[in-house]
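This report is for a reader who has the sequence and the model at hand. Please look at both before reading on.

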Amino acid sequence: MTTATGSVTYPWTPVEPLGEALHLLRMRGGFYCRSELSAPWGLEMPAFTDSSSFHMVVSGEAWLDVPGAPPARMLPGEFAVVPHGAGHVIRSEPAARRTGRVDTLPQQMIGDHYSVLQHGGGGEPTVLVCGIVEFDHPTARRLVSLLPPVLWMDPGRNTASQLLALMAEEARRVRPGREAVLTRVADILVILSIRDWVESDPAAQKGWVGALQDPQVGRALAAVHRGPEQPWSVAGLAREAAMSRSAFAARFTELVGEPPMRYVSRWRMETAALALRRGATVAELAARSGYESEAAFARAFKRATGTSPGAVRRRVSVRA
């Protein structure tokens, strides 16, 4: 389970560090849309901060155009993730005009988190299921930040094809629990897409993701992620990794890209931001993190995150 401070505890033997990161890829704040489109059509997806989008073609075809990636044709059963919240376009064909920003087009609201959109010029039909989701935990956010502009799910795998068929079926019919099923299936499909990337892209063997897979440094990273409030030192983390202090510090810095204690300090503040979003007070976090005063904690928090604790709490209040 994940505590209010972002610490992670397990009632079973902990999985490997990368597995823990994938375990924390839990979506929140999801909104889903079934789009019933007729050619020619074009939908402009606006940018959403700290969010990811996904698209699945139920029937027909579409072209997905994301900054930083070549336009790609999508056929029935194909599933794509746009992880960085970038504005992008999906349309009936490469030359189709951008005929509408999706968040301004008329939609039929089926529930608080689900709508049906009908749009287009009356030609060949296409049906899409699209979603916008957020990731809450710092581990998940860090992993998502390292992904390429687009992730593709291989629809040829048996497990994936069954999940994609289930999502398409749930999107077609109004049934009790539909939003819950869509959310859980989308969770799994996004995790499978990320796992495919980890297993197939050489870029995933470097940097922070590569460090998680390192048998020694990965253990130290997992210890920090599970207990960021612990009084960590380089020596203590080196013991977790079963390495000498000097060898550990050098290897950690090489793989992660920053020294161990700088990483620990930043990670504490990122988990503190999560705790603030979940209702913790600055006083609680200052005491828990070993700061002498709220002001000292607030200065460290702003130095690490670029914003103040109060600003984080205000954003949560506005959303609520």
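## Helices α6 and α7

The model is predicted. In it, α6 and α7 are oblique to each other, because their axes cross at roughly 120° and an angle between 115 and 145 degrees counts as oblique. The two axes come within 7 Å, and the crossing is right-handed. Two packed helices are described by the angle between their axes and the distance between the axes.

Which residues make this contact? On the α6 side they are Arg219, Ala220, Ala223 and Val224. On the α7 side they are Leu237, Glu240 and Ala241. Sorted by class, the contact of α6 with α7 has five nonpolar residues, no polar residues and two charged residues.

## Helices α7 and α8

How do the axes of α7 and α8 cross, and within what distance do they come? The crossing angle is roughly 85°, and the axes come within 9 Å. The pair α7 and α8 is therefore roughly perpendicular, as angles of 65 to 115 degrees are given that name.

From α7, the residues in this contact are Val234, Ala235, Leu237, Ala238 and Ala241. From α8, they are Arg245, Phe248 and Ala249. By class, the contact of α7 with α8 has seven nonpolar residues, no polar residues and one charged residue. Leu237 and Ala241 of α7 are named in the contact with α6 and again in the contact with α8.

## The buried side of α7 and the loop after it

Helix α7 covers residues 234-241. Its buried residues are Val234, Gly236, Leu237, Ala238 and Ala241. An α-helix has 3.6 residues a turn, so residues three or four places apart point the same way. What covers the buried residues of α7 includes α6 (217-226), α8 (245-256) and α9 (260-277).

Just after α7 comes Ala242, which is found in the loop between α7 and α8. Ala242 has a positive phi of about 55°, although it is not a glycine. Is Ala242 buried or exposed? Ala242 is exposed, because its relative accessible area is 56% and the cut-off for exposed is over 50%.

## Two cysteines without a bond

How many disulfides does the structure hold? The number is zero. A disulfide is a covalent bond between the sulfur atoms of two cysteines. The cysteine sulfur closest to that of Cys33 belongs to Cys130, at 6.3 Å, which is too far for a bond. The cut-off used for a disulfide is 2.5 Å. Seen from the other side, Cys130 has the sulfur of Cys33 as its nearest cysteine sulfur, and Cys130 is in no disulfide.

Cys33 is buried, with a relative accessibility of 8%. Cys130 is also buried, with a relative accessible area of 8%. Both results follow because buried means under 20%.

## Two prolines in loops

Pro40 lies in the loop between β1 (27-38) and β2 (42-45). The peptide bond that joins Ala39 and Pro40 is cis, with an omega of about -10°.

Pro70 has its place in the loop between β4 (62-65) and β5 (72-74). Pro70 counts as exposed, at 65% relative accessibility. In sequence, Pro70 and Val150 are 80 residues apart. In space, their C-alpha atoms are 9.7 Å apart.

## Ile132 and Ala286

Ile132 is in strand β10 (residues 125-135). Ile132 is partly exposed, because its relative accessible area is 27% and partly exposed runs between the cut-offs of 20% and 50%. Gly85 is 47 residues from Ile132 along the chain, and the C-alpha atoms of the two are separated by 8.7 Å.

Ala286 is in helix α10 (residues 282-289). Ala286 counts as buried, at 3% relative accessibility. With neighbours within four places in sequence left aside, what is Ala286 in contact with? The contacts of Ala286 are then Tyr291, Ser293, Glu294 and Phe297. Ala296 is 10 residues from Ala286 in sequence, and the C-alpha to C-alpha distance between them is 8.0 Å.

Conventions: Residues numbered from 1 in each chain as written. Predicted model: local features only at pLDDT ≥ 70, side-chain atom pairs only at ≥ 80, totals over all residues. Heavy atoms only, no water. Buried < 20%, exposed > 50% of the residue type's maximum accessible area, 1.4 Å probe, protein only. Helix = DSSP H or I, 4+ residues; strand = E, 2+ residues; numbered from the N terminus. Contact = heavy atoms within 4.5 Å. Axes fitted to C-alpha atoms, helices over the stretch in contact; angles between N-to-C directions. Parallel < 35°, antiparallel > 145°, perpendicular 65-115°, else oblique. Left-handed = near helix turned anticlockwise from the far one by under 90°. Nonpolar A, V, L, I, M, F, W, Y, C, P; charged D, E, K, R; others polar.
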